[in-house]
Amino acid sequence: METVEADLLILGAGGAGLCAALHAADRAPGLAITVAVKGLLGRAGCTRMVQGGYNAVLTPPDSLEAHFLDTLRGGAWINDQELVWTLVNEAPRRVLELEARYGCFFDRTDDGRIHQKPFAGQSHDRTIHKGDLTGIEIMNRLTEQVWARPSIRALEEHRAVELLQDDAGRVGGALLLDMRRGSFVLARSRATLLAMGGGPTMYKVIACSADKAADGIALAYRAGRRSRTWRWSSSTPRAS
Ligand SMILES: Cc1cc2nc3c(=O)[nH]c(=O)nc-3n(C[C@H](O)[C@H](O)[C@H](O)COP(=O)(O)OP(=O)(O)OC[C@H]3O[C@@H](n4cnc5c(N)ncnc54)[C@H](O)[C@@H]3O)c2cc1C
């Protein structure tokens with residue numbers, strides 16, 4: 001079986017996966033980073049499908065608190081509030097990073113500020129956009145940045161099917177399926193990051209990219225269950 005070695009293995013290449021790869025590459029240029037994606041780099045996943053735009057608080061009278069409450073209300077109050085706060089708190093920085101560091105062009109007002117439009121569930125004009133092609137703009141620019149960094153290797157049409165774990169349950173990479181050749185690839189890594197999106201295909205009616213089938217959630221669930229059942233003995237055989 002073909003084996004790939006990396007310091008950091010990122011599974012999934014939507015906005016989350018590509019931003020993680022870029023952050024890691026820029027923070028530690030010596031790192032060998034591998035991004036494995038079920039589809040084509042920059043083409044797969046839902047980030048490319050974003051039409052509305054990116055919600056972020058930039059100027060008063062909008063506020064982080066208002067964005068936080070709107071998001072909780074939109075999530076029917078079942079959201080993880082720590083995660084929501086991280087989302088709203090980070091959003092302004094991430095938008096500026098997308099523009100100033102990664103080269104995205106968002107629509108502007110006549111006086112040169114980033115244009116923010118009204119959007120569903122938002123109490124203020126908060127949505128930053130590039131016409132209605134915001135996701136394409138973000139993914140194209142992030143993909144260009146990834147291709148420009150030699151420390152990031154992309155494995156396209158490689159589907160993660162299982163996390164690799166040692167006897168103590170520590171994750172050390174993933175088993176990938178090279179879908180072009182129909183063969184398995186063993187990707188070993190010091191750190192593994194799951195950025196495979198959510199699982200919208202569990203619903204009857206969806207508008208999402210069909211490659212989002214809760215794979216990451218399933219992989220993590222199986223790995224968690226396995227690490228718990230293995231804890232009692234390092235000689236316990238691996239569950240199939
Ligand atoms: C039609 C539509 C419109 C939307 N509009 C908006 C909007 O206006 N504003 C907004 O904020 N959000 C919007 N969203 C939601 C937004 O797109 C997502 O929340 C966001 O893109 C998630 O980013 P991500 O990187 O986590 O996942 P994705 O961008 O979906 O990336 C997941 C990646 O994981 C890969 N992957 C999956 N399984 C595997 C596997 N087993 N092995 C390897 N790779 C795998 C996929 O190929 C893909 O590259 C919209 C979603 C849709 C579907």
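Tutor: Start with a term. A pocket is an open set of grid points with protein on both sides within 12 Å along at least five of seven lines. The model here is predicted.

Student: What volume does the largest pocket have?

Tutor: The largest pocket has a volume of about 1,400 Å³.

Student: How many residues line the largest pocket, and which lie nearest its centre?

Tutor: A residue belongs to the lining if it has an atom within 4 Å of a point. Here 44 residues line the largest pocket. Nearest its centre lie G14, G15, A16, T47 and L87.

Student: Which elements give two or more residues to the lining of the largest pocket?

Tutor: Go along the chain. They are α1 (15-27), β3 (54-55), α3 (81-100), α4 (134-147) and β7 (158-165). Helix α3 gives the largest share, nine residues.

Student: How do the residues of that lining divide into nonpolar, polar and charged?

Tutor: The lining of the largest pocket has 23 nonpolar residues, 13 polar and eight charged.

Student: Now the second largest pocket. What is its volume, about?

Tutor: The second largest pocket has about 210 Å³. Its lining includes L58, T59, P60, P61 and D62. From later in the sequence come T109, R113, I114, H115, Q116, H124 and D125. By type, four are nonpolar, five polar and three charged.

Student: P60 and P61 are both in that list. What kind of peptide bond joins P60 and P61?

Tutor: First the rule: most peptide bonds are trans. The bond between P60 and P61 is cis, with omega about 10°. P61 lies in the loop between β3 and α2 (64-74).

Student: Next, phi. Which sign does phi have at W77, positive or negative?

Tutor: Again, a general idea. Most residues other than glycine have a negative phi. W77 is not a glycine, yet its phi is positive, about 65°. Find W77 in the loop between α2 and α3.

Student: And what is phi of A214 near?

Tutor: Phi of A214 is near 65°, a positive value in a residue that is not glycine. A214 sits in the loop between β9 (183-194) and α5 (215-230).

Student: Is A214 buried or exposed?

Tutor: Use the cut-off: buried means under 20% relative accessible area. A214 has 17% relative accessibility, so it counts as buried.

Student: Try the other end of the scale. Is I78 buried or exposed?

Tutor: Exposed means over 50%. I78 has a relative accessible area of 74%, so it is exposed. I78 is in the loop between α2 and α3. From C-alpha to C-alpha, I78 and A6 are 37 Å apart in space, and they are 72 residues apart in sequence.

Student: What does L96 count as, at 46% relative accessibility?

Tutor: That value falls between the two cut-offs, so L96 counts as partly exposed. L96 has its place in helix α3. Set aside neighbours within four places in sequence, and L96 is in contact with R101 and I114. A214 lies 30 Å from L96, C-alpha to C-alpha, and 118 residues away in sequence.

Student: Now inside. Which residues touch the most other members of the largest nonpolar core?

Tutor: The general idea: in soluble globular proteins, nonpolar side chains tend to be buried together. The largest nonpolar core here has 29 residues, and I33, V35, L142 and I152 touch the most other members. Elements giving two or more residues to this core are β1 (2-11), α1, β2 (33-36), α3 and α4. Helix α1 gives the largest share, six residues. Apart from this core lies another, of 14 residues, with V4, L155, A174 and M196 among them.

Student: Which residues does I33 touch, not counting those up to four places away in sequence?

Tutor: I33 touches L8, I10, A21, A24, A25, S151, I152 and R153.

Student: And T34: where does it lie?

Tutor: T34 lies in strand β2. T34 is buried, because its relative accessible area is 3%. Not counting residues up to four places away in sequence, T34 touches V4, A6, L8, L9, I10, R153 and L155.

Student: Last, confidence. Where does pLDDT stay under 50?

Tutor: Begin with the whole chain. The mean pLDDT is 92, and 93% of residues reach 70 or more. Over residues 227-240, pLDDT stays under 50. For that stretch the model has 13 contacts beyond four places in sequence.

Methods
Residues numbered from 1 in each chain as written. Predicted model: local features only at pLDDT ≥ 70, side-chain atom pairs only at ≥ 80, totals over all residues. Heavy atoms only, no water. 1 Å grid on protein atoms, 1.4 Å probe; cavity = no way out; pocket = protein on both sides within 12 Å on 5 of 7 lines; lining within 4 Å. Points joined across faces, edges and corners; volume = space filled by probe spheres on them. Helix = DSSP H or I, 4+ residues; strand = E, 2+ residues; numbered from the N terminus. Nonpolar A, V, L, I, M, F, W, Y, C, P; charged D, E, K, R; others polar. pLDDT = per-residue confidence, 0-100. Contact = heavy atoms within 4.5 Å. Core = buried A, V, L, I, M, F, W, Y, C linked by side-chain atoms within 4.5 Å. Buried < 20%, exposed > 50% of the residue type's maximum accessible area, 1.4 Å probe, protein only.
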